[in-house]
Every structure is written in C-alpha cells, then in structure tokens.
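Me: I am in my first year and would like to look closely at a single part of this protein. Could you take me slowly through one sheet and how its strands are joined, and then show me what else is around in the model?

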Amino acid sequence: MTKTVNLELVATTKRYGQTIAVDAINHKFEAGTYSCLLGPSGCGKSSTLRMIAGHEHVSDGDILLGDANITDLPPAARGTAMMFQNYALFPHISVVDNVAFSQKMKGVEKTARTNRAMELLELVDMRAYADRLPAQLSGGQQQRVALARALITEPSVLLLDEPLSALDPFLRIKMRLELKRLQRELGISFIHVTHSQDEALALADDIIVMNGGKIEQAGSPRDVFNAPTTEFVARFIGGHNVLKVNGAPVAVRADRLKVARRAEEAEAILTAAVKDVEYLGSTVNLALDAGSAGDLTAALTDEGFFENPIEIGSTVFLSWKAADAHPLAA
C-alpha cells in the first residue's frame with residue numbers, strides 16, 4: 001500500500017549559472033491532492049518539477065517528503081515517479097515489458113513483475129494491448145502506458161510534465177477525466193505541470209501560478225479564478241479585465257461586465273467601441289476598445305447576445321457591481 005504524505009518545498013532554488021530559474025519558493029503539497037503548477041514558458045514550473053523528481057540538482061533549499069529530506073536523493077530512492085512529456089517508452093520492447101521495466105531493474109522475478117504490470121495496464125484500460133510495441137499505439141494509448149509504467153513503482157507522488165500537450169483537443173479532455181479518476185482511485189498526490197489554464201482549472205485541487213521563478217498565487221481553482229491577487233494572475237488565468245479604479249488596479253471578470261446598447265439603459269462607468277465579436281457556442285465575447293481604460297472583453301450568453309445582436313463598430317456602455325471588482329497587488 002502506497003503511503004500518502006505531504007510534499008514540501010522550503011526556499012527551493014534553481015540556478016543555471018547567473019540565471020535564477022526558481023527563486024526560493026515555499027509550498028506545501030497536501031497528501032492525496034491533485035496540484036497543478038501553472039504558468040507561461042520559462043516561469044520555472046518544469047524546473048520545479050524536475051527538482052522534485054531528482055532530475056535537476058537543487059541549488060539551495062530543501063524538498064521534504066513526509067518526514068524525509070529527499071533533496072539530494074537519486075530519483076529512484078525518492079518515493080516519486082515522473083511521467084515525461086514525450087512518454088519516453090522503449091520502442092523495441094512490448095507494452096507489458098515497458099511497464100515492468102523498473103521492476104526488472106530491481107531484480108523482481110519475471111512472473112511477479114509481469115502480473116503486476118498487467119494489473120496496472122488493466123487500471124489504465126490497456127490490458128488488451130500488452131503485447132504490442134509502442135509504435136503500434138496512438139498517442140493517447142502511449143500516454144496510458146507511460147502512466148502505468150510510472151505507477152508500478154508505487155510512488156507517494158506522481159509527477160506529470162505537460163502530459164496532455166501532445167494530444168488532440170478531444171482526447172485531451174478525455175484524458176483529463178481519466179487522470180482525475182486515477183488520482184482519486186489511487187489516493188496519491190499528483191503534481192502536474194501545464195501552461196493551460198483550462199487544464200489546471202478542470203483538474204486541480206490546488207493551483208500554483210508561477211511567474212519569473214516565483215509563486216504569484218496558490219489556492220483552489222475557484223479562489224484563483226474568482227479572486228486573483230496580482231495583475232499577472234488576472235491576465236494569465238484568463239476571463240478577467242484589469243481596470244484602474246480610483247488609480248488602483250482591479251480585476252473584473254469578463255462575464256460580470258454589463259453591456260448596455262444605450263447610455264440610458266445603465267449607469268455607465270465606461271464607454272467602449274466594439275472591435276470584434278467572437279462566437280464561442282454558449283457564450284459570445286465582445287472585444288472592446290475602452291479608450292484610456294484599454295482593451296477589454298465582455299462575455300455575454302449566446303441567448304442574451306442574439307436577442308439583440310451588437311454590430312462591430314458600434315458603441316456600448318459598460319458597468320459592473322462594486323462587489324465584482326477585486327483589488328490587485330500593485
């Protein structure tokens with residue numbers, strides 16, 4: 001039975017020469033949770049994951065797993081397992097032997113390791129493909145095999161480096177559900193690196209937004225989305241406008257902007273010109289030029305929009321409730 005324990009970063013730092021990729025970050029990943037490290041390219045999220053895995057040397061600080069300091073341990077001795085972005089399957093051996101490979105390296109007898117590998121292939125719904133070579137599998141199937149191979153080591157923490165980025169959009173959503181189901185069934189911690197806001201919001205119990213090697217904000221998906229604390233988070237997480245109110249920056253969700261066709265319909269705070277209209281199925285986004293307030297987005301329901309469509313080039317009048325404006329750190 002895999003032991004479920006907390007993982008903690010304590011002033012964890014990664015330098016490449018004079019460049020600081022990860023800048024003394026502190027965070028506790030609670031046992032048995034699904035966490036997403038979210039941020040743009042170069043923000044330090046993959047370096048953080050690789051330090052946890054033991055594939056990157058920690059320049060300063062510590063990594064604690066339960067009661068153990070694993071900072072300087074080799075990858076195989078940490079109690080973590082990593083699933084790589086490119087899956088890194090051995091092309092010349094079968095699916096079942098790929099999954100059993102780490103057990104073979106540990107000297108586990110062939111029947112025992114094969115039986116365990118088949119159990120994990122059953123878990124990821126790939127038992128029927130056990131004798132195939134990786135090249136005979138689709139991208140989604142290869143991903144499931146890579147997942148089974150990582151899980152055979154019975155890690156306390158599974159590390160996933162952009163595991164869905166190579167998949168088409170439909171399969172990405174399907175595999176999102178699979179990953180969440182597996183995490184719940186196994187009860188172990190998953191730490192998942194992504195640059196996709198939708199992916200993080202859909203999967204995570206805990207989102208850690210990174211920027212410039214630091215943690216900008218961490219919290220539940222709802223907290224991070226509804227109440228971003230910095231301008232970077234508000235812009236990166238999406239769905240928000242950053243406005244100046246009494247000289248201070250605030251975030252207002254795009255779906256909380258009220259759009260009036262005529263000035264007398266609302267107590268307008270801003271006037272804006274409609275630059276573009278984007279139909280997204282259940283919503284319609286208006287791209288707006290609000291003059292000195294900058295470019296804004298308003299999200300309307302499709303029903304609300306098509307009852308009284310707004311043409312590109314027209315002028316609209318914007319307002320919002322005071323409770324929907326969230327102050328941001330300078």
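Reply: Val277 is a good place to begin, since its bridge partner in strand S15 is Leu286. That pair belongs to the ladder between S14 and S15, which pair in the antiparallel sense over six bridges. Please keep in mind throughout that this is a predicted model. As general background, the strands of a sheet pair through backbone hydrogen bonds, and this can happen in a parallel or an antiparallel way.

If you follow the chain between these two strands, you find that S14 and S15 form a hairpin with three residues between them, and that Gly281, in the turn, has a positive phi of about 95°.

From S15, which covers residues 283–289, you can step across to S16, because strands count as paired once at least two bridges are found between them, and here seven bridges join the two in an antiparallel run. One residue to look for on this side is Leu288, whose bridge partner in S16 is Leu296.

Now return to S14, residues 270–279, and look towards strand S17, residues 315–319: four bridges join them, and they too run antiparallel. Here Ala273 has Thr315 in S17 as its bridge partner.

Put together, these pairings belong to an open sheet of five strands in the order S13-S17-S14-S15-S16, with antiparallel pairing. Its edge strands are S13, residues 258–260, and S16, residues 295–301, each of which pairs on one side only. Neighbouring strands in this sheet are turned by 45° against each other on average, with direction ignored. When you view any sheet from the side, it helps to know that in a regular strand the side chains alternate between the two faces of the sheet.

The model also holds an open sheet of six strands, with the order S6-S7-S8-S3-S9-S10 and mixed pairing. S6 and S10, residues 214–219, are the edge strands there, each pairing on one side only, and neighbouring strands are turned by 20° against each other on average, direction ignored. A parallel pairing can be seen between S3, residues 34–38, and S9, residues 206–211, which are joined by four bridges; within this part, Leu37 stands opposite Ile208 in S9.

Helices lie against this six-stranded sheet as well. Helix H5, residues 169–186, packs on the sheet and touches S3, S7 and S8, with its direction making about 155° with that of S8. Helix H4 lies across S6 and S7, running at about 165° to S6.

Both S6 and H4 lead us to the largest pocket, since S6 (80–83), helix H2 (95–105) and H4 (139–151) each supply at least two residues of its lining. The largest share, four residues, comes from S6. This pocket has a volume of about 610 Å³ and is lined by 24 residues, of which Ala76, Ala81, Met82, Ser102 and Thr153 lie nearest its centre. By type, the lining divides into 15 nonpolar, five polar and four charged residues.

Finally, turn to Asn226, which lies in helix H7, residues 221–226. Leaving aside residues up to four places away in sequence, Asn226 touches Arg253 and His326, and a polar contact of 2.4 Å joins the side chains of Asn226 and Arg253.

Technical notes
Residues numbered from 1 in each chain as written. Predicted model: local features only at pLDDT ≥ 70, side-chain atom pairs only at ≥ 80, totals over all residues. Heavy atoms only, no water. Axes fitted to C-alpha atoms, helices over the stretch in contact; angles between N-to-C directions. 1 Å grid on protein atoms, 1.4 Å probe; cavity = no way out; pocket = protein on both sides within 12 Å on 5 of 7 lines; lining within 4 Å. Points joined across faces, edges and corners; volume = space filled by probe spheres on them. Nonpolar A, V, L, I, M, F, W, Y, C, P; charged D, E, K, R; others polar. Polar contact = N/O pair within 3.5 Å; in protein donor to acceptor, adjacent residues only side chain to side chain. Contact = heavy atoms within 4.5 Å.
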